[in-house]
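Reader: I have the sequence and the model open and would like a close look at one part of the chain. Please pick a single strand, go through its surroundings residue by residue, and then set that part against the rest of the fold.

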Amino acid sequence: MIKYTIEGGSLPVVICYPENGETLRTEKGAMSWMTPNMKMETNTGGGAKKALGRLFSGESIFMNEYTPAGGPGMIAFASSFPGSIIPYQVTPSSGIIVQKGGFLAMENGLDLSIYFQKKLGKALFGGEGFIMQKITGNGLVFLEINGYCKEYELGYGESIVLDTGYLVAMSDTCTMDIETVKGVKNMFFGGEGVFHTRVTGPGKVYIQSMPISNMAQELAPHIQINVNNK
């Protein structure tokens with residue numbers, strides 16, 4: 001396992017210390033700083049099929065691989081938004097499903113592929129995205145969380161209900177469904193929207209406290225007012 005530290009508090013950065021032969025893979029633009037002996041190679045990350053899958057999920061077609069040459073190296077990946085960076089150990093029997101923008105970096109022994117939700121309703125109303133990403137294999141992946149990260153371990157058949165946009169990742173043993181808020185008054189006057197997301201175990205669920213979409217929605221009226229006043 002690659003050695004690493006996570007620093008920076010609410011503006012986190014993960015600093016990795018790969019040895020000879022250890023490689024880290026990222027989306028383009030994720031690297032923040034590194035030692036001169038870190039060598040970068042850009043590729044499709046598994047061929048044209050997987051590259052197209054990432055394109056459909058809203059990510060870059062290409063991935064970057066970083067490997068130290070001539071001795072141990074150091075490379076850092078910073079969060080793009082105030083929040084958290086968490087490590088997740090993927091095993092052959094324990095993959096993880098990640099929302100768009102949640103993947104930051106991973107060891108070379110992992111595979112990043114497209115993951116489709118089974119029902120179209122999840123795409124149209126769920127707020128979590130019809131197309132997500134699935135990470136499988138054996139190795140460590142770092143996830144980027146907007147705001148504070150809360151983790152729950154769900155037992156078999158145990159569920160948790162989330163407002164849309166708050167789900168970041170879940171074990172691939174979990175299932176996700178969309179349910180309608182009950183009651184017409186609750187739907188239109190409750191301020192929580194028309195749909196909620198239900199995640200059912202067994203497995204882990206990672207929830208973020210400050211989705212970027214929610215923050216953008218809150219800031220938009222103030223930005224518009226400032227523009228109009230100029």
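Author: Accessible areas here come from the Shrake-Rupley method with a 1.4 Å probe. On that basis the chain exposes about 11900 Å², and carbon and sulfur atoms make up 59% of this surface. The model is predicted. Its mean pLDDT is 82, and 73% of the residues reach at least 70. The chain has 230 residues, 42% of them buried, and its secondary structure consists of 4 helices and 19 strands.

The part to look at is strand β19. It runs over residues 203–208 and contains V205. Is V205 buried or exposed? The cut-off for buried is a relative accessible area under 20%. V205 has 0%, so it counts as buried. Once residues up to four places away in sequence are set aside, its contacts are K150, E151, Y152, L154, L167, A169, M170, C174 and V199. M170 is 35 residues from V205 in sequence, yet their C-alpha atoms are 4.4 Å apart.

K204 also belongs to β19, and its partner E151 sits in β14 (residues 149–154), 53 residues away along the chain. The two form a salt bridge, with 3.6 Å between the closest N and O atoms. Side chains of opposite charge can pair when their charged atoms come close. Neither residue of this pair falls under the 20% cut-off: E151 is partly exposed because its relative accessibility is 39%, and K204 is partly exposed because its value is 29%. E151 thus has two links to β19, a contact with V205 and a salt bridge with K204.

The loop between β18 and β19 holds P202. The peptide bond from G201 to P202 is cis, with omega of about 25°.

On the other side of that loop is β18, which covers residues 195–200 and pairs with β15 in the antiparallel sense over 4 bridges. Within this pairing, V199 of β18 stands opposite I160. V199 is also one of the residues touched by V205. Strand β15 itself, residues 159–162, has alternating side chains: I160 and L162 face one way and are buried, whereas S159 and V161 face the other way and are not.

Now the rest of the fold. A169, one of the contacts of V205, is also in contact with L143. L143 is among the residues with the most contacts inside the largest nonpolar core, together with I96, M106, I135 and V141; this core has 18 residues. Strands supplying at least two core residues each are β8, β9, β10, β11, β13 and β16. Besides A169, L143 contacts S84, I85, I86, I96, V98 and G102, with neighbours within four places in sequence left aside. A separate core of 14 residues has C16, L24, I75 and F77 among its members.

F142 also lies in strand β13. It is buried because its relative accessible area is 2%. Its contacts outside the local sequence include Y4, V14, C16, I85, I86 and P87, as well as G102, F103, L104 and A105. F142 and A105 are 37 residues apart along the chain, with 5.3 Å between their C-alpha atoms. Contacts across long stretches of sequence are common in this chain: of those with a separation of 6 or more, 77% involve residues 24 or more positions apart.

The salt bridge count comes to 2. Apart from E151 and K204, the pair is R25 with E65, at 3.8 Å from N to O. R25 is in β3 and E65 in β6, 40 residues apart. Both R25 and E65 are buried, whereas E151 is partly exposed.

A last word on confidence. Mean pLDDT is highest in strand β2, at 98, and lowest in helix α3, residues 184–189, at 42. The stretch 183–191 is below 50 and has 8 contacts beyond near neighbours in sequence. Residues 122–126 also stay under 50, with 13 contacts beyond four places in sequence. Where pLDDT is low, the predicted coordinates should not be read in detail.

Notes
Residues numbered from 1 in each chain as written. Predicted model: local features only at pLDDT ≥ 70, side-chain atom pairs only at ≥ 80, totals over all residues. Heavy atoms only, no water. pLDDT = per-residue confidence, 0-100. Contact = heavy atoms within 4.5 Å. Core = buried A, V, L, I, M, F, W, Y, C linked by side-chain atoms within 4.5 Å. Buried < 20%, exposed > 50% of the residue type's maximum accessible area, 1.4 Å probe, protein only. Salt bridge = Lys/Arg side-chain N within 4 Å of Asp/Glu carboxyl O. Pairing = 2+ DSSP bridges.
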